[in-house]
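Biologist: I should like to learn how aromatic pairs and a nonpolar core are read from a model. May we work through an example together?

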Amino acid sequence: GLWLASQATADGTIESAPATPNYSAMLEWILALESVGVGETQVTAMLTYIGAHLDDAVQTSGADFPGSLAFLILDAPRTEQE
């Protein structure tokens, strides 16, 4: 988990090439990091970045990509209920 968290840039991206966000990896790594309770700062940064680039993160050639949408739903921040 710590290695995954260390791969995020300061703006919350995981890059497939310099200055090229890898949205698929980001969506998957958020879930992985949340599941082990590591990298809260990085998860928050990635969620913020994805929120600002939502179409880029979940669409392929202008159409919604089901796999990305599924990860986005699973990645949605959870709130505690009392």
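Modeller: The following turns treat the core and then the aromatic pairs. This is a predicted model, in which local features need pLDDT of at least 70, side-chain atom pairs count only at pLDDT 80 or more, and totals for chains, interfaces and linings use all residues. Residues are numbered from 1 along each chain as its sequence is written, and side-chain values use heavy atoms, with hydrogens and water left out.

Biologist: How many residues does the largest nonpolar core have?

Modeller: A nonpolar core is a set of buried Ala, Val, Leu, Ile, Met, Phe, Trp, Tyr and Cys residues joined through side-chain atoms within 4.5 Å; buried means under 20% relative accessible area, exposed over 50%, and partly exposed in between (1.4 Å probe, protein chains only). Here the largest has 17 residues, and Tyr 23 and Ile 50 are among those with the most contacts inside it. Helix α2 (23–36) is one of the elements giving two or more residues, and α2 gives the most, with 7 residues. Helices are DSSP runs (H or I, at least four residues) numbered from the N terminus.

Biologist: How is an aromatic pair described?

Modeller: One states the distance of the centres and the angle of the planes. Rings of Phe, Tyr and Trp (its six-membered ring) pair if their centres lie within 6.5 Å; planes under 30 degrees apart count as stacked, over 60 as edge-to-face and the rest as tilted. The count here comes to 2 aromatic pairs. Trp 3 and Trp 29 form a tilted pair, 5.9 Å centre to centre with 55° between the planes.

Biologist: Is each partner buried or exposed?

Modeller: Trp 3 counts as exposed at 54% relative accessibility, whereas Trp 29 is buried at 19%. The other pair, Tyr 23 and Tyr 49, is stacked, at 6.3 Å and 25°, and both of these residues are buried.
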